[in-house]
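Open the model in a viewer and keep the selection panel at hand. The stops below cover charged pairs and then one further side chain.

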Amino acid sequence: MMTKYTKIKLILLINIISCSVLAGSITTDNPKRERSSNEAMTPNIYKKFEKLQEMIADELYTEARSGLIALTKKNLNGFESASVNHYLGWVDSAQGNFKSASNYLQKAIDTNALPDQSHFSMMYQKSQMLAGSDNYQLALDSLDEYYKVVDVIEDSTLYYEASLYAQMEKYKEALVPLKKAIELSSDKPVSYTHLRAHETDSY
C-alpha cells in the first residue's frame, strides 16, 4: 500500500513537473475530425461580437455577458453559436463560475462548428473548468472524450490527468499518465528516479 509520505511526494512531483517547460507529445491515430459546416459570422453578428470582445478585453464582464446572452437569442448559425457560447464560457471562467463555464463550453462543442484548434482547446478547457469546480471525475471523463478526438496529446496534458487522479487520492492510477508523461520528457532523467521510488513504495 502507498504510504502517506509517498503520496505527498507524488503530489509534489506532479506539481513541480507540471510547472516545468515541457516538450513531449504523442501523435494519436484518431480519425480526422469533420466540422459540421464551414460557416462564418455574418457581418451584423460580427459587428456586435467585436464590441463584446472589446468589453471583455476591458474586463467589463457583466456587460459583456449580458450582450452575449442577448446574442444567443438570435437566429445564429453554427459558427456564431459556437463562438458566442465559447466566449460565455470564457467570461464565466474569468469570474470564477467554473461549472457554468463548462456548460457553455459544452454547448459550443456540441455545434462541432469551429476549426480543430479551437474545438480541441474548448474540450480541454471544459475539463479544466470541471476540475475548477471540484468535479474531478467529470473532469477525467471530459478529458477522456478529448483524448478520443485530438490529434496530439502533450505531456503537460498527461501531467494534468495525473493531478486529477491525485486530487481524488487515486495515487496508483495517477502513476500511469505520470509515467507516460515522463517517458515523453526523456531529457529529465531525475524524474525517472523519483518515479521508480514511488512505484517501489506503492507496493
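A residue is called buried when its relative accessible area is under 20% and exposed when that area is over 50%, with partly exposed for what falls in between. By that scale Asp144, at 36% relative accessibility, counts as partly exposed. The model on screen is predicted.

**Stop 1: Asp144 and Lys148**

Select Asp144 together with Lys148, which pair in a salt bridge whose closest N and O atoms are 3.5 Å apart. Both belong to helix H7, residues 136-149, and because they are 4 residues apart there, about one helical turn separates them. Lys148 is partly exposed as well, with a relative accessible area of 46%.

**Stop 2: add Glu145**

Keep Lys148 selected and add Glu145. Here the two side chains form a salt bridge with an N to O distance of 3.3 Å. Glu145 and Lys148 are 3 residues apart in helix H7, so the separation is again about one helical turn. At a relative accessible area of 42%, Glu145 is partly exposed.

With the three residues displayed, how are Asp144, Glu145 and Lys148 linked? They are joined in a network of salt bridges. The structure holds 4 salt bridges in total.

**Stop 3: Asp92 and Arg65**

Now move to Asp92 and show Arg65 with it. A salt bridge connects them, and the closest N and O atoms lie 2.7 Å apart. This pair links distant parts of the chain: Asp92 is in helix H4 (residues 78-94), Arg65 is in helix H3 (residues 61-72), and their positions lie 27 residues apart in the numbering.

Is Asp92 buried or exposed? Asp92 has a relative accessible area of 0%, so it is buried. Its partner Arg65 has a relative accessible area of 25% and is therefore partly exposed. As a general point, side chains of opposite charge can pair when their charged atoms come close.

**Stop 4: Thr157**

Finish at Thr157, in helix H8, which runs over residues 155-167. Thr157 is buried, because its relative accessible area is 3%. Which residues should be displayed around Thr157, leaving aside its neighbours within four places in sequence? Show Tyr124, Leu143, Tyr146 and Tyr147, each of which is in contact with Thr157.

Technical notes: Residues are numbered from 1 along each chain as its sequence is written. This is a predicted model: local features need pLDDT of at least 70, side-chain atom pairs count only at pLDDT 80 or more; totals for chains, interfaces and linings use all residues. Side-chain values use heavy atoms; hydrogens and water are left out. Helices (H or I, at least four residues) and strands (E, at least two) are DSSP runs, numbered from the N terminus. Buried means under 20% relative accessible area, exposed over 50%, partly exposed in between (1.4 Å probe, protein chains only). Contact means heavy atoms within 4.5 Å.
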